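Subject: Structure for you to look at

Hello,

Here is the structure I said I would pass on. Please open it next to this message and find each residue as you read.

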Amino acid sequence: MPFSNSNNEASRLDALYKLKLLDTPPSEALDRITRMAARVFGLPIAAVSLTDVDRQWFKSRVGVEHESIPRMKAPCAEVSETSGVLVIADLLEDHCYRDSVLAASGVRYYAGAPLITADGHCLGAICVLGLAPRATTQEEIAYLCDLAAMVMAHIELRHAVGRVDALSGLPNRNQFIEDFEDMQRDSPPDELRLAVVVNLATPEQLDSAARVKSSSYLDELVMEAANWMRAQMEPGRRIYHVGDAQFALFAPACLTVEEYLPKLREKLRRAAGLASSRHIATPSVGVAPFVLGGASCLDVLRTAQSAAHDAIVQPDRIAVYSRSEDAACQRRFLLLNEFGGALESGGQLRLVFQPRVDLESGACVGAEALLRWTHPELGTLSPGEFIPVIERSGLAQAATAWVLNAALRQQRLWRHAGLDLQLSVNVSPANLLEPDFVARVEHGLHMYDLPASCLELEITESAIMAHPERAHATLEAIAEIGVRLAIDDFGTGYSSLSYLQSMPADVVKIDQSFIIGLEGDKRKQSLVSTMISLTRDLGHRVVAEGVECGEVHTFLKLAGCDEAQGYLFARPLEAASFQAWCGAGGATSASQRRMLRAFV
């Protein structure tokens, strides 16, 4: 019997392929049903037969060796096309099937019941076959139909397990992807659509809640949100559970961004007022426009997720995907991914050194080691771009270890050459939480045979205040081994004189944001003078960063500042250039003295 090539057949095949049943291993659950069918009819052969384009493939079979037969003139193909029960008492007496493959193999009897999905597509049949003609009772047909329903219940349950989230009961990420592909196929090409991602809370809020609440908190948050959003959806539309606390949906096809955003704002406002978690979880919504046929599903989902992340800082907690913001995020990810290789390659990273000058004597008394990165393809990268990315990642500890080792190695070379200076190394917040950080610093000093006093570690205020008790314990341990400590970027973080008083710091470095432009700003001058006076009264040396002109140099010296660094003295220098600069007199050279005298 010829099979159909209609649109219905294309939809039927699409439904079959989505279930991913063809050419898969046998299933004991289905084999059990197949054996039951053979026993009910008292026949030697039974099968769960799926109708492909040109074959009948047996997902389960009893009494037959081969896995498939041609679809042409196969009774199960007729069952698929008609979605009805088919009984053939004697194949040799049936004009359609007397010359079929089954009849040629000795099969005389056939009975098959359709395997119909919830959407009405017939995948094939559960069938029984005999080697002799026989009659069929209505009771036997009813049994066979019940067994067909059991087969489909198993197939659809297996399929649903991979497409429905067990907690929320909503379609999951796999279903989102499948529905996106259907939309691509069924909708007009180049149609503009909107994908929406809803984050129930920020990552920090979820982390904090997980620390102080039971594991059921997130479950309750998700279920409450799922129930509310499900109730808000129009009939026939879906909300998808695509992450632990993240949902996604497609906006109606008729709406533009401008039309849809007010609706979203109103729904978000109402949801925020009703949610029991509104005081500890703040949702954010990202909207990503896309053109059907112009982007993959995962790209669309990623851009909507990116927008939802950007929405965290928006007043209404809603953001539309920004190509520039996404490009910046992609760039940060690229740098982070490449930095691991840079740590291992040995040729991309290097240190440069900016002199620190004593304002009273004009002598260079130290240097700050600064990390530089030259990527083989991206070229020279700005430290202002890559260092913040690294400090917020799991590579922060490894980066500090690399810088510390390179700085101590260079310090030993300088000391052997007769250059006796203190070298400063920046430490990330993550280092202060490492239980073995102090031991590794001490090991590095021993390995290069250096005194602890030749090293200074710079720590920002924010690094200390993030975990004050643990940070203070680490700082105390560092001070005990004789390494000097400097509070970096003072004035930009959680400036607190009480904390400053209790910290074992030797040096406080005033951030360059207070120093640059100081010469023409009376308010800055008053503020910096107060900072210098208070800090010195607490027993700390004061270093000013970002000194670029003689007027500022003179002001700082008269205000009692101890040291300074900045372009007035030297830009960050390569190791050999720094040594040469010091050998030529550095900040006390004749040209430097003439420049500075002009402002005294």
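Below are notes on confidence, one helix, a surface patch and some salt bridges.

Please keep in mind that this is a predicted model. The chain has a mean pLDDT of 89, and 93% of its residues reach 70 or more. The pLDDT drops below 50 over residues 590–600, a stretch that has 12 contacts in the model beyond near neighbours in sequence. Where pLDDT is low, the predicted coordinates should not be read in detail.

Next, helix α2. Two of its residues are worth finding: T34 is in this helix, and M36 is there too. Is T34 buried or exposed? T34 has a relative accessible area of 0%, so it counts as buried. Setting aside neighbours within four places in sequence, T34 touches A46, A47, V48, S60, R61 and V62. M36, in contrast, has a relative accessible area of 31% and is partly exposed.

M36 also belongs to a nonpolar surface patch of about 320 Å², together with V40, Y143 and M150. Two elements, α2 (28–41) and α5 (138–161), give two or more residues each to this patch.

Now the salt bridges. How many are there in the whole structure? The search finds 38. Three of them are described here.

- R185 pairs with D182, with the closest N and O atoms 3.2 Å apart. Both residues are in helix α6 (residues 173–186), and because they are three residues apart, about one helical turn separates them. R185 is partly exposed at 48% relative accessibility, while D182 is buried at 15%.
- R440 pairs with E434, and here the closest N and O atoms are 2.7 Å apart. R440 is partly exposed at 28% relative accessibility, whereas E434 is buried at 16%.
- R484 pairs with E456, at 3.8 Å from N to O. R484 is in strand β17 (residues 484–490) and E456 in strand β16 (residues 455–460), so this pair ties together parts that are 28 residues apart in sequence. R484 is partly exposed at 24% relative accessibility, and E456 is buried at 0%.

R484 and E456 are also members of a network in which salt bridges share partners. The other members are R356, D358, E368, E458, K509, R536, R541, E545, D562 and E563.

Regards

Terms used: Residues numbered from 1 in each chain as written. Predicted model: local features only at pLDDT ≥ 70, side-chain atom pairs only at ≥ 80, totals over all residues. Heavy atoms only, no water. Patch = residues over 30% accessible without salt bridge, like charges linked within 9 Å, V, L, I, M, F, W, Y side chains within 5 Å. Areas by Shrake-Rupley, 256 points an atom, 1.4 Å probe, with all protein chains shown as cover. Salt bridge = Lys/Arg side-chain N within 4 Å of Asp/Glu carboxyl O. Helix = DSSP H or I, 4+ residues; strand = E, 2+ residues; numbered from the N terminus. Buried < 20%, exposed > 50% of the residue type's maximum accessible area, 1.4 Å probe, protein only. pLDDT = per-residue confidence, 0-100. Contact = heavy atoms within 4.5 Å.
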